[in-house]
Amino acid sequence: NDILYKYASREGYKKNEIKLIEQTESAVLNDINNRIGIQQLFRLIEEIPSIKCVIVFEISRIARRPDVLYKVRDYLLERKIQLICIKPEIRLLDENNNFSQSANLIFSIFSSLAESEGFIRKERFARAKNKMKEQGKKFGGATIFGYVKNKDKYMELHPEHAQIVSDIFNHY
């Protein structure tokens, strides 16, 4: 947040003019209609017509899916709202408030990179989850009824629920 505030300040914006959206959500799985942060952005723009600039740290903070990224980009372009990405530095609009073709090219490249990074992370998490599962360890998600996760992330029978699970299994 400090980086965004400092950058916005250098761009001439005062702290009371800055609206921060801090919604954390999956940038890979959600489409644009299910992205709460993007919907907040769209609502702010509709409610405050004086918004002329959106600043993000990097493109993947908007989304990792190109279809979502391009919808956000097009939404901003239709309203002549500048999109500034800090890393790498991208400004969609040039000094004449026109769509910059070089920014479009960079945007396209980094949209693809953001998508690839999302797929790589998803595969990496799946491998880690499978490896821990093979070791009898718990990795994310809800713990199955009748079990607990110990400090080393191994699954153990829950001392109070184990009998219930056993009874259900035997009755089945």
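Which residues have the most contacts inside the largest nonpolar core? In this predicted model, that core holds 26 residues, and Ile62, Leu76 and Leu83 are the ones with the most contacts inside it. Its members come from several elements, since at least two residues each are supplied by α2 (36-47), β1 (53-56), α3 (66-78), β2 (82-85) and α4 (101-134). Of the contributors, helix α3 gives the most, with six residues.

Leu83 offers a convenient way into this core. Once its neighbours within four places in sequence are set aside, Leu83 is in contact with Val54, Val56, Ile62, Leu76, Ile90, Arg91, Leu92 and Phe107. Apart from this core there is a second, separate one of six residues, including Tyr7, Ala8, Ile55 and Ile86.

Nonpolar side chains also appear on the surface, where Leu105, Ile109 and Leu113 make a patch of about 290 Å². Ile109 belongs to helix α4, and with a relative accessibility of 45% it counts as partly exposed.

The cysteines come next. A disulfide is a covalent bond between the sulfur atoms of two cysteines. The closest cysteine sulfur to that of Cys53 is in Cys85, and because the two are 11 Å apart, they are too far from each other for a bond. Cys85 is accordingly in no disulfide, and the count of disulfides comes to zero. Both of these residues are nevertheless covered: Cys53 is buried at 17% relative accessible area, and Cys85 is buried at 1%.

Two loop positions show contrasting surroundings. Ser100, in the loop between β3 (90-91) and α4, is buried, with a relative accessible area of 14%. Leaving aside neighbours within four places in sequence, Ser100 is in contact with Arg91, Leu92, Leu93 and Asp94. Glu22, in the loop between α1 (2-10) and α2, is instead exposed, with a relative accessible area of 53%. Although Glu22 and Asn1 are 21 residues apart in sequence, their C-alpha atoms are 8.7 Å apart in space.

Charged residues complete the picture. Side chains of opposite charge can pair when their charged atoms come close. In this model the count of salt bridges comes to eight. One of them joins Arg79 to Glu46, with the closest N and O atoms 3.4 Å apart. Arg79 lies in the loop between α3 and β2, whereas Glu46 is in helix α2, so this pair ties together parts that are 33 residues apart in sequence. Arg79 itself is partly exposed, at 32% relative accessible area.

Another salt bridge links Asp74 with Arg73, and here the closest N and O atoms are 2.7 Å apart. The partners differ in their exposure, for Asp74 counts as partly exposed at 31% relative accessibility, while Arg73 is buried at 11%.

Arg91, already met as a contact of Leu83 and of Ser100, also takes part in a salt bridge, its side chain meeting that of Glu89 at 3.3 Å, N to O. Arg91 is partly exposed, with a relative accessible area of 29%, and Glu89 is likewise partly exposed, at 49%. Through salt bridges that share partners, Glu11, Glu89 and Arg91 are joined into one network.

Conventions:
Residues numbered from 1 in each chain as written. Predicted model: local features only at pLDDT ≥ 70, side-chain atom pairs only at ≥ 80, totals over all residues. Heavy atoms only, no water. Disulfide = S-S within 2.5 Å. Buried < 20%, exposed > 50% of the residue type's maximum accessible area, 1.4 Å probe, protein only. Core = buried A, V, L, I, M, F, W, Y, C linked by side-chain atoms within 4.5 Å. Helix = DSSP H or I, 4+ residues; strand = E, 2+ residues; numbered from the N terminus. Contact = heavy atoms within 4.5 Å. Patch = residues over 30% accessible without salt bridge, like charges linked within 9 Å, V, L, I, M, F, W, Y side chains within 5 Å. Areas by Shrake-Rupley, 256 points an atom, 1.4 Å probe, with all protein chains shown as cover. Salt bridge = Lys/Arg side-chain N within 4 Å of Asp/Glu carboxyl O.
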